[in-house]
Amino acid sequence: MNRRDLLLGGAGAGCRWLTPLGGLTACTAAAPALRVALNGWIGYAPFFLAQDLGHVPESAVRLLEFPSNTASMMALVNGEVAAAALTLDELLLAREGGLDVRAALVFDESAGADVLMAPQSIDSLTALRGKRIGVEATGVGALMLSRALETAQLHPTDVVKVPLTADQHVAAYTAQRVDAVITFEPMASRLRALGARPLLDSSRFPGLIVDVLAVSAQITPHQGEQLRQLLDGHFQALQHLRSNPANAARLLAQHQQIAPDAVLAAFRGIRLADAAANRGWLAGQNPGLSASARAVGQLMVHAKLLQRLPDTATLCDPRFLPEAA
């Protein structure tokens, strides 16, 4: 279970699941719906809200829920979907692996959702020297650990890295199998209840942990129109979330399988990107996402997650964003 696997929506049945992109089934009309892979991570939830509000009909877009971003990426690799919600580091991995995909949307960036938790006895980052740090074996975990060590002016060999999945964080800390852990909500709150406190969080590193919609470069013109409809509905859903959070939380609670208050709490710690922010991320001569990709790529090369620095020339595809007002 990685940081994007935690808040899973219910799996669909029947035609909700996969058929090849170009094929027709009894559930599709002459013009098949655009298939989009995602999981229950809260940053992706406005897609569901857009459909609940009627902005994006299921006849145009089918949101296919998977248990992890890895599974979503594999669906993209296999041509089963035209787009998939991924983290930026996963997008870079997919592109290095030869998959021609581009970022058509930035959902959010982590602004405190990812955090390094430690007991009161570890009162500074430098006090982590010689300590066991629990961390997921993912790009996000490696990025947070790298930044923490860099901030503390520690070398990777100065600490003991203990690979843990997210569902093991609290138990490992409680059993004292680790001295500190890089985690996220709701595990961070559970650790606080056990006396742990945050030493560092992702708000210190804007642009480092970003969620994007990766879209195949081979989408058809008709799929492009469906994608525009999805993104327009997404931004309308963000506006509804801001103007009527109680109603939005009630609708999303069904997908997230948590209480409405917990839905709103889950949005804390991420910075959702509206249409204007997306133009800054994806459009222009120097898109913000390209700068983030170069910074993330350097960290990933250093952590041996990538073999080379990413080529950002074709990383961003802003064609499907709504026109600026």
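Here's a quick tour of a few spots in this structure: one strand residue, a set of paired strands and a helix with its surroundings. Keep in mind that the model is predicted. Strand E6 pairs with two other strands, E7 and E8, while helix H8 has several buried residues.

**Leu63 in strand E2**

- Look for Leu63 in strand E2, which covers residues 61-65.
- Leu63 counts as buried because its relative accessible area is 5%, under the 20% cut-off.
- Arg35 sits 28 residues away from Leu63 along the chain, yet their C-alpha atoms are just 6.3 Å apart.

**Strand E6 and its partners**

- Strand E6 (residues 132-135) runs parallel to strand E7 (residues 160-163), and four bridges join them.
- Within that pairing, Ile133 is found opposite Lys161 of E7.
- E6 also runs parallel to strand E8 (residues 180-184), this time with two bridges.
- Here Gly134 has Val181 of E8 as its bridge partner.

**Helix H8 and what covers it**

- Helix H8 spans residues 245-256, and its buried residues are Ala248, Ala249, Leu251, Leu252, Ala253, His255 and Gln256.
- As for spacing, an α-helix has 3.6 residues a turn, so residues three or four places apart point the same way.
- The cover over the buried residues of H8 includes three other helices: H1 (45-52), H7 (221-243) and H9 (260-267).
- Right after H8 comes Gln257, which has a positive phi of about 60 degrees.

Note on methods: Residues numbered from 1 in each chain as written. Predicted model: local features only at pLDDT ≥ 70, side-chain atom pairs only at ≥ 80, totals over all residues. Heavy atoms only, no water. Buried < 20%, exposed > 50% of the residue type's maximum accessible area, 1.4 Å probe, protein only. Pairing = 2+ DSSP bridges. Contact = heavy atoms within 4.5 Å.
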